[in-house]
Amino acid sequence: MARSRRIVCYAINGSGLGHVTRLCAIARWIRRLLMLNDARVPELLFLSSSEAPELLAQHGFPVFKLPSKTAIRAAGLDVAEYRRLAKHFVWSCLGTFNPELLLVDTFPSGSFDELLQVLDGPFAKCLVMRRVKPEFARRPVFRAALSLYDKVLLPHTRDDAEYGELPSGAVFCGEVVQLDRAEAYSREALLQMLGVDARMRLIYVSAGGGGDPDSEAMLERIISSFAAREDCFLLVGAGPLYRGRRKQGERLCWWTQSGVARAFAACDLAICAAGYNTFHELLHLGVPSIFFAQEKVADEQEQRVRAAVEAGACLAWDGVDTDALQELVEQAGREAETLRAAAMKRFSHNGARACAEQVLSALLSRERLRWLSQVCTPRLATLLDRFDPESGVQLCRLLGRLVPVDLSAEELEQGALLRLRSSLSEAARAELDAAVEQHKQSGSVHELVQRFCALVEGLGERPDLESLASAFDLLMRKQPLEQQSSPAWAPWVSTIIDGVERALQTHAFDTQEVLRLLRVFPRLVDAEAAEAMALFAEYLERSRGRAPHELLKELQVLKLMHRRVEKLHLQELLAGAG
């Protein structure tokens with residue numbers, strides 16, 4: 001058996017969580033797509049200096065941890081010695097793990113040029129290059145390192161990125177956020193979780209990941225400005241890196257762990273630093289937001305806010321004047337729907353999947369990528385996340401048999417259009433989105449995947465996937481497809497799904513008994529698959545109350561008596577059962 005694919009994600013972080021969060025979002029899609037493609041769990045490993053590795057553990061990614069430069073300075077250790085040790089640590093990990101692909105975020109040469117010595121290694125190299133300050137991007141080492149990557153992915157839309165000179169072959173993928181809209185908490189669920197009165201205005205407050213030296217003072221300033229307001233409840237996302245004093249209050253919930261992004265969509269307003277991830281997550285989810293810029297080494301937060309304000313997608317605060325902040329809070333309340341619509345229009349697309357597909361283009365054929373683009377729907381992705389790796393592989397293996405790669409080349413070509421999306425104007429993107437969505441809803445591949453997901457979801461939180469796979473195998477053998485062309489395949493599989501669903505949901509027998517009966521149920525030579533499945537379901541219902549072993553014996557005798565079992569023969573059994 002071939003070994004699982006090996007990928008290393010390299011996320012360097014100091015005072016924030018941006019790099020590790022962005023790569024985590026992309027890695028989740030890489031894992032889903034490779035599981036579906038290979039029917040095997042890929043080995044995705046993170047190397048990171050983030051002081052909040054729990055975000056990666058939460059999503060099932062192992063991480064080899066380096067101390068951040070911030071932590072090294074705080075501990076009084078020699079920075080030069082740390083760099084020497086860190087370089088050897090990185091080189092040793094890559095050499096020992098022997099990945100097929102290295103995925104790096106933002107800094108092509110690493111934090112202190114530690115990657116320059118390994119970028120000629122025998123593996124594919126991809127860079128997710130968030131926009132950085134011009135003076136940083138013009139550095140000779142930065143520009144030279146870019147040329148060593150096989151792919152450079154830009155997590156922005158083309159009309160929102162002022163990169164200047166771009167590396168050859170760079171691809172705009174759209175803004176990357178760590179969760180899709182379907183993963184967010186509903187307002188009712190979050191209010192119940194927090195114990196908040198539904199009549200209160202729920203406001204999310206954050207100064208970034210918590211590692212900024214001004215985080216404590218900024219949170220104190222914002223929280224204090226709401227002290228006299230009894231109509232507001234503050235959800236304070238202090239961040240996993242926060243080390244300051246914790247605030248308490250009757251109308252305040254303090255949140256330091258990861259995963260707070262799931263709460264964003266339920267908030268009425270957000271007051272936040274304009275770091276890449278939180279900024280785009282809030283606007284992607286349509287949360288009316290007031291942003292302030294923090295000074296960072298390479299991140300241009302001020303420019304990010306300015307562009308969104310000009311588009312009418314958010315409001316801006318100077319981070320100092322609390323009276324002005326309260327005026328902005330009232331303005332955001334009056335203009336909430338306008339802000340929400342503009343934000344969701346501007347950032348309607350999660351670029352994490354597009355980045356993942358571009359990364360995998362270094363490993364997979366164009367045909368396989370087209371197939372994955374169509375089959376791995378958001379609903380299937382959410383379903384895969386519910387299961388442990390072994391169960392997820394079972395699900396992917398079964399779906400791969402139901403939806404072959406060549407099912408509908410014309411439909412699968414539509415996935416290529418999505419990769420062009422970020423190069424279009426805002427109006428053209430909206431038109432393309434509507435056309436692709438309409439096509440998907442009517443396409444047989446999409447319908448098959450959606451119906452398959454609905455079947456699995458209907459079997460409860462912990463479905464018996466092994467029995468489900470056995471049921472499909474049995475029915476596909478009992479009712480073989482005579483014409484192997486795409487037009488015939490999709491209706492046939494749809495019928496098989498119907499048959500499995502009807503058989504497993506019968507109230508006459510339990511799942512294992514149904515599977516035993518399926519094994520001996522004869523192929524009806526004069527019946528189409530749909531009719532045969534209907535007759536099988538009727539046979540089960542009419543046999544309610546009889547012992548399963550009696551039915552097994554009855555069906556075996558039927559097959560012994562007739563070389564070619566016809567509908568008439570089964571109908572005679574049905575008449576006797578009735």
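**Note on ring pairs, salt bridges and surface patches**

1. The count of aromatic ring pairs comes to 10, and it should be said at once that they belong to a predicted model. One of the pairs is formed by Y82 and F112, whose ring centres lie 5.9 Å apart with their planes at 65°, so that the pair is edge-to-face, given that planes over 60 degrees apart count in this way. The pair links distant parts of the chain, since Y82 belongs to helix α4 (residues 79–97) while F112 sits in the loop between β4 (101–105) and β5 (124–128), 30 residues apart.

2. Are the two partners of this pair buried or exposed? Y82 has a relative accessible area of 8% and is therefore buried, and F112, at 9% relative accessibility, counts as buried too. The cut-off behind both statements is that buried means under 20% relative accessible area.

3. A further pair is made by F136 and F142, with ring centres 5.9 Å apart and planes at 80°, so this pair is edge-to-face as well. Both F136 and F142 are buried, and ring pairs join F136 and F142 with F107 into a cluster.

4. Turning to charged side chains, the model has 25 salt bridges. In one of them the side chains of R5 and E100 meet at 3.6 Å, taken from N to O. Because R5 lies in the segment before β1 (6–11) and E100 in the loop between α4 and β4, this salt bridge ties together parts that are 95 residues apart in sequence. E100 has a relative accessible area of 28% and is therefore partly exposed.

5. A salt bridge within a helix is given by E81 and R84, for which the closest N and O atoms are 2.8 Å apart. What separates these two residues along helix α4? E81 and R84 are 3 residues apart in that helix, so the distance along it is about one helical turn. Each partner is partly exposed, E81 with a relative accessible area of 36% and R84 at 44% relative accessibility.

6. The side chains of E531 and K567 also meet in a salt bridge, at 3.1 Å from N to O. This pair links distant parts of the chain, with E531 in helix α24 (residues 529–542) and K567 in helix α26 (residues 567–577), 36 residues apart. At 34% relative accessibility, E531 counts as partly exposed. Elsewhere, salt bridges that share partners bring R28, R32, E183 and D385 together in one network.

7. Which residues gather in a patch of negative charge on the surface? They are D318, D321, D323 and E327. D318 is placed in the loop between β13 (315–316) and α11 (322–334), and with a relative accessible area of 54% D318 is exposed, because that term applies over 50%.

8. The surface also carries a nonpolar patch, formed by L116, V141 and L148, which together have about 200 Å² of accessible area. L116 is found in the loop between β4 and β5, and at 35% relative accessibility L116 counts as partly exposed. That same loop was met in the first point, where it holds F112, a residue that counts as buried at 9% relative accessibility.

Key: Residues are numbered from 1 along each chain as its sequence is written. This is a predicted model: local features need pLDDT of at least 70, side-chain atom pairs count only at pLDDT 80 or more; totals for chains, interfaces and linings use all residues. Side-chain values use heavy atoms; hydrogens and water are left out. Patches are made of residues with over 30% relative accessible area and no salt bridge: like charges are joined within 9 Å, nonpolar side chains (Val, Leu, Ile, Met, Phe, Trp, Tyr) within 5 Å. Accessible areas come from the Shrake-Rupley method with a 1.4 Å probe; for residues, only the protein chains shown count as cover. A salt bridge is a side-chain nitrogen of Lys or Arg within 4 Å of a carboxyl oxygen of Asp or Glu. Lys and Arg count as positive and Asp and Glu as negative; His and the chain ends are not counted. The place of a charge is taken as NZ of Lys, CZ of Arg, CG of Asp or CD of Glu. Helices (H or I, at least four residues) and strands (E, at least two) are DSSP runs, numbered from the N terminus. Buried means under 20% relative accessible area, exposed over 50%, partly exposed in between (1.4 Å probe, protein chains only). Rings of Phe, Tyr and Trp (its six-membered ring) pair if their centres lie within 6.5 Å; planes under 30 degrees apart count as stacked, over 60 as edge-to-face and the rest as tilted.
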